[in-house]
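User: Could you take a close look at one part of this model for me? I'd enjoy a connected tour rather than a list.
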Amino acid sequence: MSRIEIYTDGACRGNPGPGGWGALLRAGKHEKELYGGEAHTTNNRMEMTAVVKALSALKNESDVVLTTDSQYVRKGITEWLQGWKRKGWMTAAKKPVKNVDLWQQIDELSQRHTIEWRWVKGHSGHVDNERVDDLANKGIDEMPPVKS
């Protein structure tokens with residue numbers, strides 16, 4: 001099984017507002033950058049979209065170390081997800097889980113791989129985290145203008 005390092009980040013200008021996501025995939029000396037944007041979204045959705053796009057890009061079952069600066073993403077997958085599923089995608093407060101569409105995609109995609117979920121403090125000088133932050137902002141900057 002191949003070992004892949006993944007770094008992900010999301011960005012939003014206004015929350016909600018225009019948002020972008022970025023991901024870096026590394027296997028040995030090989031790297032792939034992915035990024036994109038949405039006209040009207042939230043920061044959490046962009047953080048999650050980066051994870052979905054990165055895991056979707058993996059062609060084979062892999063041993064993954066996924067690093068994010070989002071506690072929402074890391075805790076969601078490592079602490080909260082199983083409870084949400086047991087409760088029919090409801091929170092402890094009996095409210096529908098926000099971003100359930102993306103949580104379900106992350107859940108499905110993560111079943112295909114062995115993933116170690118890591119957290120790094122954002123904007124703290126971590127080279128790869130800064131790189132995916134730049135990609136997420138590039139996703140916003142390169143979005144086609146919204147037609148009114």
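In which loop, and between which two strands, does Pro-16 lie?

Analyst: Happy to. Pro-16 sits in the loop that runs between strand S1 (2–12) and strand S2 (17–27); helices (H or I, at least four residues) and strands (E, at least two) are DSSP runs, numbered from the N terminus. Before going further, please note that this is a predicted model, where local features need pLDDT of at least 70, side-chain atom pairs count only at pLDDT 80 or more, and totals for chains, interfaces and linings use all residues. Residues are numbered from 1 along each chain as its sequence is written, and side-chain values use heavy atoms, with hydrogens and water left out.

The backbone of this loop deserves a look: the peptide bond from Asn-15 to Pro-16 is cis, its omega being near 10 degrees. For context, most peptide bonds are trans.

The loop also holds one end of a salt bridge (a side-chain nitrogen of Lys or Arg within 4 Å of a carboxyl oxygen of Asp or Glu). Arg-13 pairs with Asp-141, and their closest N and O atoms are 2.8 Å apart. Because Arg-13 lies in the loop between S1 and S2 while Asp-141 is in helix H4, the pair ties together parts that are 128 residues apart in sequence. Arg-13 is partly exposed, at 39% relative accessible area, and Asp-141 is exposed, at 53%; here buried means under 20% relative accessible area, exposed over 50%, and partly exposed in between (1.4 Å probe, protein chains only).

Helix H4 takes part in another such contact: Glu-33 and Arg-131 meet in a salt bridge of 2.9 Å, N to O. This pair links Glu-33 in strand S3 (residues 30–41) to Arg-131 in helix H4, 98 residues apart. Both are partly exposed, Glu-33 at 39% and Arg-131 at 25%.

Elsewhere, Asp-107 and Lys-85 form a salt bridge, also 2.9 Å from N to O. Since Asp-107 lies in helix H3 and Lys-85 in helix H2, the pair ties together parts 22 residues apart in sequence. Asp-107 is buried, at 9% relative accessibility, whereas Lys-85 is partly exposed, at 33%. Returning to Glu-33 and Arg-131, salt bridges that share partners join them with Glu-5, Arg-26, Glu-31 and Asp-128 into one network. The structure holds 10 salt bridges.

For another backbone feature, turn to the loop between helix H2 (71–86) and helix H3 (100–110), where Lys-94 is placed. Lys-94 is not a glycine, yet has a positive phi of about 60 degrees, and the residue is exposed, at 66% relative accessibility.
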